[in-house]
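Me: I should like to go through the structure below and ask on what grounds each label rests. Please set each value against its criterion before drawing a conclusion.

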Amino acid sequence: MTYAENLEDLEFFKGSRYVQSLIGNITYKEVRTFLRTGRLVLFVGTPCQIAGLKTFLRKEYENLITVDLICHGTSPTKYLKDEVDYLSEKFHLQGVSDIRFRGNDGNNYCLTLWDKDRRKLFPRSSFREKLLRIDEAQQFYLQGFLLGVSLRENCYTCNYARPERISDITIGDFIGLGQEKPFLEHVHNVSSVMINTSKGQAFYDSVCSNSNSLKNEERNYSERLLYKPSLVYPFPRHDKNEEFTLKYKEKGFPEAIRIVLKNELRKKQMEPLLGLMRRIYHIPGKILKNKCK
């Protein structure tokens, strides 16, 4: 985990990465030092990281603003490192310096690896290289995470996956937006911002008053809670988690997750083809009906 002191440094925080940031031995100590010298600190992390910070500080600071993420749960950092090493070796990738899972560049919910020049390394783009591309259905790390196969053990019993939040502000995707109450704008990539304390409200009001790019619309909290489970209860353990855990101890992450999810992801990969075949099957019937008319 690191920190930024200017707008340029914030660029390094862009892009979702489905793994928990590493607190290390000095992050909380740096925060305490900044707070004691009177600096305003905005700390963003998972709810358990916010809880850890507050436990470490052992007192409230008026110059500390905490922001927690709506957390699905996280996989151990080693899993992602092992997966990246596996893909780099298999596809002969050099100079990987950035990892992303989300983006408005056609690679949403898709693991992509980048070099220091921001050039996309994976998935590849040419026709020949597309043959090597691992599409979303084959993204074993991502699917293990999303399905709840490879989360950290404590994530399955998380004490912070509930409507009562531990931070000043909670942020995340507004999944389910517009399903209960109409939303007149485009629903994709809309964030939900939940204000949990008066200090958080004052800070957010200050940010909004100094920005022309933020557009706010107040919604009922009950609408946001319809997105389960992360705000209501911990993400459930997948029935293949036990098998994965045993295989991981024997074979390591890349091989274990592929053994466990191979058949399931093969079915997922076939779904678009099966859908196309069903549509083609019904075409002759539609033509005959049109002729009869």
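The exchange that follows concerns a predicted model.

Me: What makes up the chain in terms of helices and strands, and what share of the residues is buried?

Reply: The chain holds nine helices and seven strands. Of its 293 residues, 36% count as buried, the cut-off being a relative accessible area under 20%. Contacts between residues 24 or more positions apart account for 66% of those with a separation of 6 or more. The chain exposes about 18,800 Å², and carbon and sulfur atoms supply 54% of that area.

Me: Why is Phe12 called exposed?

Reply: Exposed requires a relative accessible area over 50%. Phe12 has 66%, and therefore it counts as exposed. Phe12 is placed in the segment before helix 1 (27–36).

Me: What makes the surface around Phe12 a nonpolar patch?

Reply: Patch members need over 30% relative accessible area and no salt bridge, and nonpolar side chains are joined within 5 Å. Leu7, Leu10, Phe12 and Phe13 make such a patch, with an area of about 480 Å². The 66% of Phe12 is over the 30% required, so Phe12 meets the area criterion.

Me: Which residues touch the most other members of the largest nonpolar core, and which elements contribute to that core?

Reply: Phe101 and Phe244 touch the most other members of this core, which has 28 residues. Helix 3 (77–90), helix 5 (140–147) and helix 9 (253–292) are the elements that give two or more residues to it. Helix 9 provides the largest share, six residues. A second, separate core has 12 residues, among them Val31, Val41, Ile50 and Leu57. In soluble globular proteins, nonpolar side chains tend to be buried together.

Me: How do you know that strand 6 and strand 7 are paired?

Reply: Pairing requires at least two bridges between the strands. Strand 6 (residues 169–173) and strand 7 have five bridges, in the antiparallel sense; by the criterion of at least two, they therefore pair. One of the bridge partners in strand 7 is Val193, which is matched with Ile171.

Me: Which side chains of strand 7 point to the buried face?

Reply: In strand 7 (residues 191–195), Ser192 and Met194 point to one face and are buried. Ser191, Val193 and Ile195 point to the other face and are not buried.

Me: Why is the contact between Glu5 and Arg39 called a salt bridge?

Reply: The criterion is a side-chain nitrogen of Lys or Arg within 4 Å of a carboxyl oxygen of Asp or Glu. The closest N and O atoms of Glu5 and Arg39 are 2.3 Å apart, so the pair satisfies the criterion of 4 Å. By this rule there are 12 salt bridges.

Me: What does the salt bridge between Glu5 and Arg39 tie together, and how accessible are the two residues?

Reply: Because Glu5 lies in the segment before helix 1 and Arg39 in the loop between helix 1 and strand 1 (41–45), the pair ties together parts that are 34 residues apart in sequence. Glu5 has 53% relative accessibility and so counts as exposed. Arg39 has 33%, and is therefore partly exposed.

Me: Are Asp98 and Arg100 buried or exposed?

Reply: Buried means under 20%. Asp98 has a relative accessible area of 9% and is therefore buried; Arg100, at 17%, also counts as buried. The two residues form a salt bridge, with their closest N and O atoms 3.2 Å apart.

Me: Which residues form a network with Arg219?

Reply: Arg219 and Glu217 meet in a salt bridge at 2.7 Å, N to O. Salt bridges that share partners join Glu217, Arg219 and Glu223 into one network. Arg219 has 15% and is therefore buried, whereas Glu217, at 46%, counts as partly exposed.

Me: What makes the phi of Arg58 and of His92 worth noting?

Reply: Most residues other than glycine have a negative phi. Arg58 is not a glycine, yet has a positive phi of about 65 degrees. His92, also not a glycine, has a positive phi of about 55 degrees. Arg58 lies in the loop between helix 2 (47–57) and strand 2 (64–69), and His92 in the loop between helix 3 and strand 3 (96–100). Arg58 has 76% relative accessibility and so counts as exposed; His92, with 66%, is exposed.

Notes: Residues numbered from 1 in each chain as written. Predicted model: local features only at pLDDT ≥ 70, side-chain atom pairs only at ≥ 80, totals over all residues. Heavy atoms only, no water. Helix = DSSP H or I, 4+ residues; strand = E, 2+ residues; numbered from the N terminus. Buried < 20%, exposed > 50% of the residue type's maximum accessible area, 1.4 Å probe, protein only. Contact = heavy atoms within 4.5 Å. Areas by Shrake-Rupley, 256 points an atom, 1.4 Å probe, with all protein chains shown as cover. Patch = residues over 30% accessible without salt bridge, like charges linked within 9 Å, V, L, I, M, F, W, Y side chains within 5 Å. Core = buried A, V, L, I, M, F, W, Y, C linked by side-chain atoms within 4.5 Å.
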